[in-house]
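Reader: Before I use this model, I would like to know how each descriptive word in it is justified. Could you take me through the terms one by one?

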Amino acid sequence: MKMKKKPNILLTGTPGVGKTTLGKELAQRTGLNYVNIGDLAQEGQLYDGYDEEYQCPILDEDRVVDELDEKMVEGGMIVDYHGCDLFPERWFHIVFVLRTDNTQLYTRLESRGYTGKKLQDNVQCEIFQTIYEEAMEAYKEEIVHQLPSNSPEDLECNLEQIVQWTEQWMKDHN
Ligand code: DAT
């Protein structure tokens with residue numbers, strides 16, 4: 001029996017915009033598999049050096065891609081990462097860039113323990129819409145969508161829209 005085709009979804013955006021919150025709940029509602037790239041790298045120690053300025057390990061992008069490729073080819077994956085141009089374009093059927101108002105993002109990151117330059121740089125990343133522009137360069141514009149992520153109402157609305165999109169995609173491809 002042939003397996004049902006399922007779409008791959010990328011959730012991206014500045015740290016703190018709500019990718020993990022959305023991704024985990026989306027996985028529950030759709031039955032797709034959620035992967036957090038940060039956790040995957042941590043588990044497999046998929047690192048290549050250490051960034052002294054930001055005090056964090058540097059992702060080994062090639063090993064991350066190798067690690068996931070087989071699953072991505074099968075389909076049905078929700079990928080969560082604060083960057084998007086390291087992945088092969090062919091992986092994703094749709095890309096969502098979550099967006100949060102600056103003041104709210106500042107509060108969220110501060111309560112996550114971010115301070116100083118790390119806090120400032122991440123808020124600036126959102127102000128300059130860095131990840132949105134990265135997504136628009138890395139993927140076809142028509143598959144890149146921005147989603148507001150400021151409130152529980154936004155979260156519910158985003159969930160409903162993506163669940164609906166997923167159901168429609170499955171109907172169209174099976
Ligand atoms: P990310 O995975 O993008 O770093 P997260 O899912 O860990 O973000 O969320 C960061 C914080 O913001 C966390 O405390 C939950 C909260 N949050 C997420 N989505 C939200 C929303 N739509 N409205 C209000 N708070 C939200």
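**Terms and the values behind them**

Author: From the N terminus on, the elements of the chain follow the order β-α-β-α-β-β-α-β-β-α-α-α-β-α, which comes to 7 helices and 7 strands. Helices (H or I, at least four residues) and strands (E, at least two) are DSSP runs, numbered from the N terminus. The model is a predicted one, in which local features need pLDDT of at least 70 and side-chain atom pairs count only at pLDDT 80 or more, while totals for chains, interfaces and linings use all residues. Residues are numbered from 1 along each chain as its sequence is written, and side-chain values use heavy atoms, with hydrogens and water left out.

Reader: What makes the chain as compact as a globular protein of its length?

Author: The radius of gyration, taken over C-alpha atoms, is set against the globule rule, 2.2 Å times the number of residues to the power 0.38. The chain has a radius of gyration of 16 Å, close to the 16 Å that the rule gives for 174 residues, so it is as compact as a globular protein of that length. Along its principal axes, the C-alpha trace spans about 55 × 40 × 30 Å.

Reader: Why is N8 called buried or exposed, whichever applies?

Author: Buried means under 20% relative accessible area, exposed over 50%, and partly exposed in between, with a 1.4 Å probe and protein chains only. N8 has a relative accessibility of 1%, and therefore counts as buried. Of the 174 residues of the chain, 44% count as buried.

Reader: Which residues does N8 touch, leaving aside those up to four places away in sequence?

Author: N8, which is found in the segment before β1 (9–12), touches M72, G75, G76, M77, W91, F92, H93 and I94 when residues up to four places away are not counted. Contact here means heavy atoms within 4.5 Å.

Reader: How do you know that the side chain of N8 has polar partners in the backbone of M72?

Author: A polar contact is a pair of N or O atoms within 3.5 Å; within protein, one must be able to donate a hydrogen and the other to accept it, and residues adjacent in sequence count only if both atoms are side-chain atoms. A polar atom of the N8 side chain lies 2.8 Å from the backbone oxygen of M72. The N8 side chain also has a polar atom 3.1 Å from the backbone nitrogen of G76, and reaches the backbone nitrogen of M77 at 2.9 Å.

Reader: Why is Q45 placed in its accessibility class, and what is said of its phi?

Author: At 45% relative accessibility, Q45 counts as partly exposed. Q45 is not a glycine, yet has a positive phi of about 50 degrees, and is found in the loop between α2 (37–44) and β3 (47–51). Q129, in the loop between α5 (116–127) and α6 (130–138), is likewise a residue other than glycine with a positive phi, near 45 degrees. The relative accessibility of Q129 is 30%, so Q129 counts as partly exposed.

Reader: Which residues come nearest to the ligand?

Author: A residue is near a molecule if one of its heavy atoms lies within 4 Å of it. Of the 14 residues around the ligand, G16, K19, T20, T21 and R112 come nearest. By class, this shell has 4 nonpolar, 7 polar and 3 charged residues.

Reader: What distances separate oxygen atoms of the ligand from N or O atoms of G16 and T21?

Author: A backbone N or O atom of G16 lies 2.8 Å from an oxygen atom of the ligand, and for V17 a backbone N or O atom lies 3.3 Å from one. In T21, an N or O atom of the side chain is 2.6 Å from a ligand oxygen. The largest share of the shell, 3 residues, comes from α1.

Definitions and conventions: Nonpolar A, V, L, I, M, F, W, Y, C, P; charged D, E, K, R; others polar.
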